[in-house]
Amino acid sequence: MTFTGVYVPLITPFGADGSVALDALESLARQVLADGAAGLVALGTTGEPSSLSAQEQRAVLDVVARVCRERDATLVIGANSVEAVRAVRDQPAAGAVLSLVPPFVRPGEAGVVAYFEALAAASPVPVLVYHVPYRTGQVVPAATLRRLAAIPKVAGVKLAAGGIDAATVELMADPPAGFAVLGGDDAFVSPLLALGAHGGILASAHVATDRFAELVRSWRAGNAVAARAVGHRLTGLALALFAEPNPTVIKGVLHAQGRIPTAAVRLPLLPAGAGSVEAALEQL
Ligand SMILES: O=C(O)C1=N[C@H](C(=O)O)C[C@H](O)C1
């Protein structure tokens with residue numbers, strides 16, 4: 001299967017006492033699927049996984065997995081080590097893992113390929129490569145993305161290069177068969193879809209989920225006039241939602257909409273300013 005459509009990397013809502021608000025998480029999960037998301041990402045960057053205890057991570061995963069099972073939606077799990085990928089065996093609902101190009105270490109291109117070979121060998125489900133060089137510090141040219149695409153079980157890439165760069169254009173000019181390209185830079189997803197991407201993993205799609213789903217559908221159907229118009233409007237929204245570190249503004253908006261009990265984030269993140277939240281609400 002090639003992964004297509006909109007996947008929402010769920011935030012982790014916190015209650016007034018600071019604990020994970022699992023009921024709010026469940027409602028969010030149900031709502032975005034009802035509004036047209038193809039699947040959910042549990043424990044992606046947007047979910048602040050590094051500030052959750054192992055027990056909280058398990059609780060989050062259980063909720064999201066249950067909703068995906070009930071709705072027959074694809075569950076993608078953020079997993080960033082061979083051990084974490086192997087542990088997905090205990091989660092029968094898992095449809096894929098989303099694994100970062102190794103951050104900070106900068107192992108070089110051969111190291112990146114060897115790492116994903118090891119992940120794929122350990123993984124019970126397809127692997128999506130999360131390429132975000134401005135976070136990881138590791139360059140991955142188009143030729144290396146092709147080598148990753150050739151690894152059995154590596155099913156796609158979440159491409160977040162910070163723009164439409166040369167590697168993206170080169171990859172999309174001759175995309176590997178059966179390899180899903182999913183946009184991961186919300187403000188650039190429309191141009192990436194125009195180049196032939198299959199969908200996106202988009203934190204912005206917590207809001208206006210139906211419009212993001214429509215965006216993907218329109219570009220995939222080749223309806224450029226309609227797609228471009230929706231894309232331009234959603235770009236303004238995405239820029240506003242990312243005016244401060246993700247997911248702070250999105251949490252502010254969801255709280256203002258009454259969908260989560262607080263806009264709280266955990267350190268090192270700080271809550272978004274009221275002006276940023278208001279600007280995003282205006283875009284909506
Ligand atoms: O958690 C994710 O997956 C995403 N993370 C990106 C980020 O935090 O920069 C944004 C993207 O929308 C999805």
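A residue is counted as buried if 20 or more other C-beta atoms lie within 10 Å of its own. I kept this cut-off at hand throughout, and I note that the model is predicted.

**Entry 1: the active site**

I looked up the UniProt record, an unreviewed entry, which places the feature "active site" at Tyr130 and Lys158. The two are spread over 29 residues of sequence, yet they cluster in space, with a largest C-alpha distance of 4.7 Å.

I then asked whether Tyr130 is buried or exposed. Tyr130 has 25 other C-beta atoms within 10 Å, so it is buried. I located Tyr130 in strand S5, which covers residues 127-131. Setting aside residues up to four places away in sequence, I found that Tyr130 touches Leu98, Ser99, Leu100, Val101, Lys158 and Gly184.

I turned next to Lys158, which is found in strand S6, residues 154-159. Lys158 counts as buried because it has 28 C-beta neighbours inside 10 Å. With residues up to four places away again left out, the contacts of Lys158 include Tyr130, His131, Leu182 and Ile201.

**Entry 2: the binding site**

In the unreviewed UniProt entry, I found that the annotation "binding site" covers Thr46 and Ile201. These residues are spread over 156 residues of sequence but cluster in space, the largest C-alpha distance being 10.4 Å.

I traced Thr46 to the loop between strand S2 (39-42) and helix H2 (54-71). Thr46 has 22 C-beta neighbours inside 10 Å and therefore counts as buried. Apart from neighbours within four places in sequence, its contacts are Pro9, Leu10, Ile11, Ala203, Asn246 and Pro247.

I placed Ile201 in strand S8, residues 199-201. Ile201 also counts as buried, because 29 C-beta neighbours lie inside 10 Å. Beyond four places in sequence, Ile201 is in contact with several residues, among them Tyr7, Pro9, Val41 and Lys158. I recorded the last of these with care, since UniProt lists Lys158 under "active site".

**Entry 3: a pair of helices**

Which angle do the axes of helix H9 and helix H10 make where they cross? I read roughly 145° for H9 (residues 209-220) and H10 (residues 224-241), whose axes come within 9 Å. The crossing of H9 past H10 is left-handed.

On the H9 side, I listed Arg211, Phe212, Glu214, Leu215, Ser218 and Trp219 as making the contact. On the H10 side, the contact is made by Ala226, Ala227, Val230, Gly231 and Leu234. Sorted by class, the contact has seven nonpolar, two polar and two charged residues.

Definitions and conventions. Residues numbered from 1 in each chain as written. Predicted model: local features only at pLDDT ≥ 70, side-chain atom pairs only at ≥ 80, totals over all residues. UniProt positions renumbered as here; feature names shortened; annotations may be inferred. Helix = DSSP H or I, 4+ residues; strand = E, 2+ residues; numbered from the N terminus. Buried ≥ 20, exposed ≤ 12 C-beta atoms within 10 Å, placed from the backbone. Contact = placed C-beta atoms within 7 Å. Axes fitted to C-alpha atoms, helices over the stretch in contact; angles between N-to-C directions. Left-handed = near helix turned anticlockwise from the far one by under 90°. Nonpolar A, V, L, I, M, F, W, Y, C, P; charged D, E, K, R; others polar.
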